[in-house]
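Me: Hi! I'm new to this one and would love a quick tour. Could you show me what we're looking at?

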Amino acid sequence: MLILHDPDTLSHETIELLGSKVIPALESPSRILAILEAVSKSQHEVKHIRLHDSSEATFDSLIELIGQTHDQGYLGHLKNVFKQWRDDGLVEECEHVLPECFVFTSTARTPTQPPKDIYARAGYYAFDMSSGIMNKTYVSTMASANLAVAAVRRLRDDQVNEVVALCRPPGHHCNGHKAGGYCYVNNAALSISEWRRQSPNARVGILDVDFHHGNGTQDIFYSDPNVFYTSIHGADEFPYYTGNEDERGDGDAIGTNLNLPLETGSSFDQYLQKLESALAGLLKHEPEFLLVSLGFDTFNLDPLGSFKIHTEDYEVLARTVRTRLPNVQTVILLEGGYVVEHLGSNLLSFLKGWEGSASSP
Ligand code: OKP
Ligand code: ZN
C-alpha cells in the first residue's frame, strides 16, 4: 500500500500538561520514526513528500484549502504566536507557548474578537493544554496537512483504492477555531475539501477509530448532510464534553453524525459490536469517498486509552471495514497512538487486514 510521509512532520516537539505535570508531549516525532522503521522492512511503498520543496502553486492551494475550514485569525495565530512571544521575551527559542486562560461563558456574551493580551490569545485559540506551540509547530502542521491533500491527489492520479498518510500532528480534535488534543489543523477536513474540488456534491463517510472522540471533525461537518461522521471512542474520556450518542447532527444533517461511546476496559469483541453499527451507518450513507481517522491509542498498553485491543485485532478491524465497504476510495490518516514500540506492528497488522480483503482498483 502507498504510505505518504513528509520529514517536516518530525520537527514539531512540544510539551503538555498531563495531570498536574508539564511533560514532553506523548505525541512525539518518535511515533513516526517507529512507523517508518517498521514499514521500511515491509512490502509497502513509502513515498516522501516535501511541502518545503513544493511549488508556490502547491503551497497557495494548500492555504486556500485550509482556509475553507480554519478562520484567518486562528491561522495567523498558529503562524505567528511563537515569534510574538519570543520577540516579547516571554519564551526562549527552545520553549513553548501554552495557554493560561480559556474562553468561558460566565458573561452573557461569547467574545467575537481575539483578546488584545498576547497571553490570553493562546487561550482564545485553544481548548486545552495539550496543544503547545513551539518554533516548528507551524512548519510541521502544514506538512501534515499537505499529506492529507497529497493522499487524495494520489487516489485520483494513481487510480489506487487507498492511500495512507502519516500525518503528524494529528487533526481530529481541532475545529476551525481552536487547537486541542495535539491537533492544530483538521487533516480529515482537508482531505475532504480536496476531494470536493472535483466532486463538490460527493457523499463522504468518516470512520474515526482513534480512542478519543474527534470533536473537531464532528463540529466541522455537524450541519453537512453529505458527510457522515461516525466514531467509536472511550466513554467519558478526553475530550470529555463531546461524543455522546445524542449528538446526531443539525438541520437536514440530522442522522449524519453517529457517536458510539464504548465503556473503558472494553474487549475487542465489544468493540466489534460498535464497529458493526458504525459500518451499518456508513453503508446506508453510500459514500463515494471514505476517510479513516486511524488511531492506535485503542491498543491495550496505551497510556491514554483503555480498551483491550491487541496487535492482531487491528487486522480483523481493517478487514471488517474493507469487506463491508469494498472499492470505496479511501484515505487513511494517522491520528493518535502513543506506545511507540508497538505502533509499527499495529499499523502493519491493520494494513494486512485491509489489503487482504476485497478491493481492486
Ligand atoms: C489526541 B488523540 C487525559 C489527558 C488528555 C490529551 C489527549 C489528546 C489525544 N487525562 N490529553 O485523539 O490521540
Ligand atoms: Zn486519541
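Reply: Happy to! One term to begin with: a polar contact is a pair of N or O atoms within 3.5 Å. Also keep in mind that this is a predicted model.

Me: Okay, so how far is the polar side-chain atom of Asp210 from an oxygen atom of ligand 1?

Reply: That distance is 2.9 Å, so the pair fits within the 3.5 Å limit for a polar contact.

Me: And what about His212 and Tyr338?

Reply: A polar atom in the side chain of His212 is 3.1 Å from an oxygen atom of ligand 1. For Tyr338, a side-chain N or O atom lies 2.6 Å from an oxygen atom of the ligand. The protein covers 85% of the 410 Å² of accessible area that ligand 1 has on its own.

Me: Which pocket does ligand 1 take up?

Reply: Ligand 1 takes up the space of the largest pocket.

Me: How many residues surround it, and of what classes?

Reply: There are 14 residues around ligand 1, and the closest are His172, His173, Asp210, Asp297 and Tyr338. By class, the shell has six nonpolar, six polar and two charged residues.

Me: Switching topic: which protein atoms are donors of the zinc ion (ligand 2)?

Reply: Asp210 gives two OD donors, alongside ND1 of His212 and an OD of Asp297, at 1.9 to 2.8 Å from the zinc ion. Along the chain, the donors of the zinc ion follow the spacing D-x1-H-x84-D.

Me: What is the geometry of the zinc site like?

Reply: The site is irregular, with angles of 52 to 157 degrees among its six donor atoms.

Methods
Residues are numbered from 1 along each chain as its sequence is written. Chains are lettered from A and ligands numbered from 1 in the order in which they are written. This is a predicted model: local features need pLDDT of at least 70, side-chain atom pairs count only at pLDDT 80 or more; totals for chains, interfaces and linings use all residues. Side-chain values use heavy atoms; hydrogens and water are left out. A residue is near a molecule or strand if one of its heavy atoms lies within 4 Å of it. A polar contact is a pair of N or O atoms within 3.5 Å; within protein, one must be able to donate a hydrogen and the other to accept it, and residues adjacent in sequence count only if both atoms are side-chain atoms. Accessible areas come from the Shrake-Rupley method with a 1.4 Å probe; for residues, only the protein chains shown count as cover. On a 1 Å grid over the protein atoms alone, a cavity is a set of points where a 1.4 Å probe fits but cannot get out, and a pocket is an open set with protein on both sides within 12 Å along at least five of seven lines; lining residues have an atom within 4 Å of a point. A molecule sits in a cavity or pocket if more than half of its atoms lie within 2 Å of its grid points. Ala, Val, Leu, Ile, Met, Phe, Trp, Tyr, Cys and Pro count as nonpolar, Asp, Glu, Lys and Arg as charged, and the others, Gly among them, as polar. Donors are N, O and S atoms within 2.8 Å of the metal (3.2 Å for Na, K and Ca); water is not among the atoms, so sites may look incomplete. Four donors count as tetrahedral if all angles lie between 85 and 135 degrees; four count as square planar and six as octahedral if opposite donors are over 155 degrees apart and all others between 65 and 115; anything else is irregular.
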